[in-house]
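User: I am new to this structure and would be grateful for a close look at a single part of it. Please explain how that part fits into its surroundings.

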Amino acid sequence: MDFESVMKYLEKTSSDVSPNDIVSMPSGLFEPLIMSGLKLDLIEPGRVICSMKVPPRLLNLDNKSLHGGAIAALVDVVGGTAFPTINNDINTGVSMEINVTYLDAACVGDEIEIETKALRVGKVVAVASVEIRNKKSRKVVAQGRHTKYLVVSSKL
């Protein structure tokens with residue numbers, strides 16, 4: 001194993017950005033980075049469909065396809081949106097488990113559709129399925145499952 005290559009990969013920074021610039025970035029940057037350009041297409045009890053064009057900022061290092069981490073982040077942020085459509089008293093909750101199966105690539109400019117369905121909404125646990133597909137070809141890019149712990153609000 002080439003430890004030097006692994007270290008360089010994990011510790012690299014862009015020549016235009018210093019580590020201090022990254023540390024000073026505002027909190028709350030993650031969700032806008034992932035969700036900018038997301039459009040709500042359908043909302044009904046237990047089901048939400050969104051779409052977006054794949055932007056260059058979410059591509060792999062090879063600049064060819066949507067990054068797996070970005071896909072997992074979309075499963076995370078969109079996955080929980082179906083729960084409040086069933087029960088208004090539900091807050092956002094805390095992710096317990098996220099599972100993603102990657103099936104195909106999505107490239108820059110491709111329009112993708114993210115559909116989430118609530119599978120179960122209990123008192124403290126909710127589970128959703130998420131499917132990301134190419135809107136034009138209908139090919140499934142990824143399938144996910146998102147389990148959330150629903151923080152119980154105090155009745156005091």
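Analyst: Among contacts in the chain between residues at least 6 apart in sequence, 64% join residues at least 24 apart; contact here means heavy atoms within 4.5 Å. The model is predicted, with local features needing pLDDT of at least 70 and side-chain atom pairs counting only at pLDDT 80 or more, while totals for chains, interfaces and linings use all residues. Residues are numbered from 1 along each chain as its sequence is written, and side-chain values use heavy atoms, with hydrogens and water left out.

The part chosen for close study is strand S5, which spans residues 125-134. Its setting comes first. The chain contains four helices and six strands, which follow one another from the N terminus as α-α-α-β-β-α-β-β-β-β. Helices (H or I, at least four residues) and strands (E, at least two) are DSSP runs, numbered from the N terminus. An open sheet of six strands, with antiparallel pairing, has the order S1-S2-S4-S5-S6-S3; two strands pair if DSSP finds at least two bridges between them. Strand S1 (39-44) and strand S3 (94-102) are the edge strands, each of which pairs on one side only. On average, neighbouring strands of this sheet are turned by 15° against each other, direction ignored; axes are lines fitted to C-alpha atoms, for helices over the stretch in contact, and angles run from 0 to 180 degrees between N-to-C directions.

In the order of the sheet, S5 stands between S4 and S6. Nine bridges pair S5 with strand S4 (residues 111-121) in the antiparallel sense, and a hairpin of three residues links S4 to S5. Along this pairing, alanine 126 in S5 stands opposite valine 121, while asparagine 134 in S5 is the bridge partner of isoleucine 112. Towards S6, S5 is again joined by nine bridges, and the two strands run antiparallel. Alanine 142 in S6 is the bridge partner of isoleucine 132. The hairpin formed by S5 and S6 has five residues between the strands, and arginine 138 in its turn has a positive phi of about 70°.

S5 is mostly covered, since seven of its 10 residues are buried. Buried means under 20% relative accessible area, exposed over 50%, and partly exposed in between (1.4 Å probe, protein chains only). In the chain, buried residues make up 31% of the 156 residues.

One buried residue of the strand is charged in kind: which elements and partners surround arginine 133? Arginine 133 lies in strand S5 and is buried, with a relative accessible area of 7%. Its side chain makes a polar contact of 2.5 Å with the side chain of glutamate 115, and another of 2.7 Å with that of glutamate 131. A polar contact is a pair of N or O atoms within 3.5 Å; within protein, one must be able to donate a hydrogen and the other to accept it, and residues adjacent in sequence count only if both atoms are side-chain atoms. Leaving aside neighbours within four places in sequence, the contacts of arginine 133 include Glu111, Ile112, Glu113 and Val140.

S5 also takes part in the nonpolar interior. A nonpolar core is a set of buried Ala, Val, Leu, Ile, Met, Phe, Trp, Tyr and Cys residues joined through side-chain atoms within 4.5 Å. The largest core has 23 residues, of which Ile34, Leu66, Ile71, Ile112 and Ile132 touch the most other members. S2, H4, S4, S5 and S6 each give two or more residues to this core, and H4 supplies the largest share, seven residues. A second, separate core of seven residues includes Ala82, Ile90, Ala126 and Leu150. In soluble globular proteins, nonpolar side chains tend to be buried together.

Helix H4 (residues 68-79) lies across S5, as well as strand S2 (47-53), S3, S4 and strand S6 (140-149), running at about 135° to S3. Leucine 66 touches Ile71 and Ile112, among other residues more than four places away in sequence.
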